[in-house]
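Please work through the following exercises with the sequence and the three-dimensional model side by side. Each task is followed by a solution that proceeds step by step.

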Amino acid sequence: MAARARALLFAAWLPATVPAHAHELRLGGGYAPHGPEKGASLVLDYVGPGLAGLKALGGPRAYLGTQISLDGYTNYAQGGLLWRWEARRTYLDLGAGVAIHDGKLDLPPPTAGLSDAENDRRRAVRDDRIAFDTRWQFHATFAVGWRLNDRWAIEIEGQHWSNGQLGSQTHDGADSLGLRAAYRF
């Protein structure tokens, strides 16, 4: 319950910190399509204006976001860089960064020599939760958007969180697909 409260406080805090010259605020819903943490989520992102110092890298924009599980699973907060390609009223965003989550760490695996009951309990926990070994994860994101007018757009978005198996024994990750509205300031 404390993890859910922290995630909700973060979601409430983020819009209050967005400066008046913010580029975009995005709000929508996501769905984790495969297990073990299948379920719906609330998605909230802030995307800033282009970073002048990084024009040589294609002029990426910084983003901050959160994904809050509506089913009691893992919540994420992430940030990174986002690149956009536009063609008339449509656009494609690709981004990469880092995330922190409140999910389970170090779920014990079934092990030879333990009782059948203990190994069954361990399997049940692993069947219900993602086995993250580290609190920090890599974050990748994309959005395909359609601009309704100068201010509003709708987007199909996707996100992926993974440790890349760097310094970890597991490579469990999470994915989400969703639909959201984007408002340009």
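The exercises below go from the overall fold to single residues.

The model is predicted, so that local features need pLDDT of at least 70 and side-chain atom pairs count only at pLDDT 80 or more, whereas totals for chains, interfaces and linings use all residues. Residues are numbered from 1 along each chain as its sequence is written, and side-chain values use heavy atoms, with hydrogens and water left out.

**Exercise 1. The fold as a whole**

Determine the secondary structure elements of the protein chain and their order, and describe how the strands are arranged.

Solution. Begin with the elements, where helices (H or I, at least four residues) and strands (E, at least two) are DSSP runs numbered from the N terminus. The protein chain has 2 helices and 8 strands, and their order from the N terminus is α-β-β-β-β-β-α-β-β-β. Next, consider pairing, for which DSSP must find at least two bridges between two strands. The 8 strands form a closed barrel in the order 1-2-3-4-5-6-7-8, with antiparallel pairing. Neighbouring strands of this sheet are turned by 25° against each other on average, direction ignored; the angle is taken between axes, which are lines fitted to C-alpha atoms (for helices over the stretch in contact), and such angles run from 0 to 180 degrees between N-to-C directions. Finally, turn to the chain totals: of the 185 residues, 38% are buried, where buried means under 20% relative accessible area, exposed over 50% and partly exposed in between, with a 1.4 Å probe and protein chains only. Among contacts (heavy atoms within 4.5 Å) between residues at least 6 apart in sequence, 59% join residues at least 24 apart.

**Exercise 2. Strand 1 and its two partners**

Establish which side chains of strand 1 are buried, and find the strands with which strand 1 pairs.

Solution. Follow the side chains along strand 1 (residues 24–32): E24, R26, G28, G30 and A32 point to one face and are buried, while L25, L27, G29 and Y31 point to the other face and are not buried. On one side, strand 1 pairs with strand 2 (residues 39–50) in the antiparallel sense over 9 bridges, and the two form a hairpin with 6 residues between them. Within this pairing, G28 stands opposite V43 in strand 2. Strand 1 is also joined to strand 8 by 8 bridges, again in antiparallel fashion, and here L27 stands opposite A181.

**Exercise 3. The surroundings of G39**

Is G39 buried or exposed, and which residues is G39 in contact with beyond its neighbours within four places in sequence?

Solution. Locate G39 in strand 2. Its relative accessible area is 9%, and therefore G39 counts as buried. With neighbours within four places in sequence left aside, the contacts of G39 are G30, Y31, A32 and D71. A further spatial relation is that to S69, which is 30 residues from G39 in sequence and 7.2 Å away in space, C-alpha to C-alpha.

**Exercise 4. From strand 4 to strand 8**

Trace the pairing from strand 4 to strand 5, onward to strand 6, then to strand 7 and strand 8.

Solution. Strand 4 and strand 5 (residues 90–101) are antiparallel and share 12 bridges, with W83 having L94 as its bridge partner in strand 5. The hairpin between them has 2 residues, and R88 in the turn has a positive phi of about 60°. Strand 5 is then joined to strand 6 by 11 antiparallel bridges, where L94 stands opposite F142. Strand 6 (residues 136–147) is joined to strand 7 by 10 bridges and by a hairpin of 4 residues; A143 has E157 as its bridge partner in strand 7. The last step is the antiparallel pairing of strand 7 (residues 152–162) with strand 8 (residues 173–184) over 11 bridges, in which A174 is the bridge partner of W161.

**Exercise 5. Aromatic rings**

How many aromatic pairs does the structure hold, and what is the geometry of the pair formed by Y76 and W161?

Solution. Rings of Phe, Tyr and Trp (its six-membered ring) pair if their centres lie within 6.5 Å, and planes under 30 degrees apart count as stacked, over 60 as edge-to-face and the rest as tilted. The structure holds 3 aromatic pairs. Y76 and W161 form a stacked pair, with 4.0 Å from centre to centre and 10° between the planes. This pair links distant parts of the chain, Y76 lying in strand 4 (residues 76–87) and W161 in strand 7, 85 residues apart. Both Y76 and W161 are buried. Ring pairs also link W152, Y183 and F185 into a cluster.
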